[in-house]
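Let's take a friendly walk through a protein structure, looking at charged pairs and pockets. Keep the 3D view open as you read.

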Amino acid sequence: YPKYAVAWFELGRSYSARKRPDEAKTAYENSVSSDGKFVNPHLELLQIALDGRDWPQIAERSDTVLKLNPFNFPQIWYMNGAANYNLKKLDLAERSTREALKLDVNHANPRINRLLGIILADKGDYPGALDQMKGYLSFAPDRPDIEVVRKQIAELKRASGATTTSQAPKQ
């Protein structure tokens, strides 16, 4: 059955296990061609794009997965946000990262807060960025990048204060 998506998917997994990434990718793509609504091969193709840090592919593959199932993958929303951030699509990055934050009710991935903080800072929303960075600290107090985040928070406090001062009405 050449159009049997599950068989193509399992063949891709077999190739992946044997460290044959090109054949695995081809098998996953054949699985997608056979049944575009079967999420698993899309997830594997997304992982291949992640391994290669191929931001356009990460954005495209994660978009596909999220169209098929927008509710069960907060991590995919995060990846989509990171990809769009790296592609300088800040509005899309913010939207995806906020969706990831909504779905990650147990704060299993505190990096979502940090990414959203970085996005908001790039967009000039320093108070919002500051809130997200503080959230990151509260959910991940023992992460190795804590000192970097504390420095970012100090910079955001300065920037937020400068913005507030410059926007104060003149008397």
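In this predicted model, R150 and E147 form a salt bridge, and their closest N and O atoms are 2.8 Å apart. Both residues sit in helix α9, and because they are three residues apart there, about one helical turn separates them. How exposed are the two partners? R150 is partly exposed, with a relative accessible area of 42%, and E147 is partly exposed too, at 47%.

Why can such pairs form at all? Side chains of opposite charge can pair when their charged atoms come close.

How many salt bridges does a search of the whole structure find? The search finds nine. Three of them are set out here.

| Salt bridge | Closest N and O atoms |
|---|---|
| R150 and E147 | 2.8 Å |
| D91 and K123 | 2.7 Å |
| R114 and D145 | 2.6 Å |

Now follow the pair D91 and K123, whose closest N and O atoms are 2.7 Å apart. This pair links distant parts of the chain: D91 belongs to helix α6 (residues 90-103), while K123 is in the loop between α7 and α8 (126-139), 32 residues apart. K123 is partly exposed, with a relative accessible area of 35%. The pair also has company, for D91, E94, R98 and K123 are linked in a network of salt bridges.

The next pair is R114 and D145, joined by a salt bridge with the closest N and O atoms 2.6 Å apart. R114 lies in helix α7 and D145 in the loop between α8 and α9, so this salt bridge ties together parts that are 31 residues apart in sequence. Are R114 and D145 buried or exposed? Both are buried.

R114 and D145 also lead us to a pocket. They are among the residues that line the second largest pocket, along with Y78, A82, Y85, N86, R111, L115, I118, Y136 and R143. Helices α5 and α7 (111-122) are the elements that give two or more residues to this lining. The volume of the second largest pocket is about 160 Å³. By type, its lining residues divide into six nonpolar, one polar and four charged.

How do we look for empty space like this? Rolling a probe the size of a water molecule over the atoms shows where empty space is left.

The largest pocket has a volume of about 200 Å³. Its lining is made up of L50, R53, W55, I58, Q75, Y78, M79, A82 and R111. Two elements, α4 (55-68) and α5 (74-86), each give two or more residues to it. Which element gives the largest share of this lining? The answer is α5, with four residues. The lining of the largest pocket contains six nonpolar, one polar and two charged residues. Try finding Y78, A82 and R111 in your view: they line the largest pocket, and they line the second largest pocket as well.

Finally, let's return to helix α9, which spans residues 146-167 and includes S160. S160 has a relative accessible area of 11%, and because buried means under 20%, S160 counts as buried. Which residues does S160 touch, leaving aside its neighbours within four places in sequence? S160 is in contact with Y126 and P127.

Technical notes
Residues numbered from 1 in each chain as written. Predicted model: local features only at pLDDT ≥ 70, side-chain atom pairs only at ≥ 80, totals over all residues. Heavy atoms only, no water. 1 Å grid on protein atoms, 1.4 Å probe; cavity = no way out; pocket = protein on both sides within 12 Å on 5 of 7 lines; lining within 4 Å. Points joined across faces, edges and corners; volume = space filled by probe spheres on them. Nonpolar A, V, L, I, M, F, W, Y, C, P; charged D, E, K, R; others polar. Buried < 20%, exposed > 50% of the residue type's maximum accessible area, 1.4 Å probe, protein only. Contact = heavy atoms within 4.5 Å. Salt bridge = Lys/Arg side-chain N within 4 Å of Asp/Glu carboxyl O.
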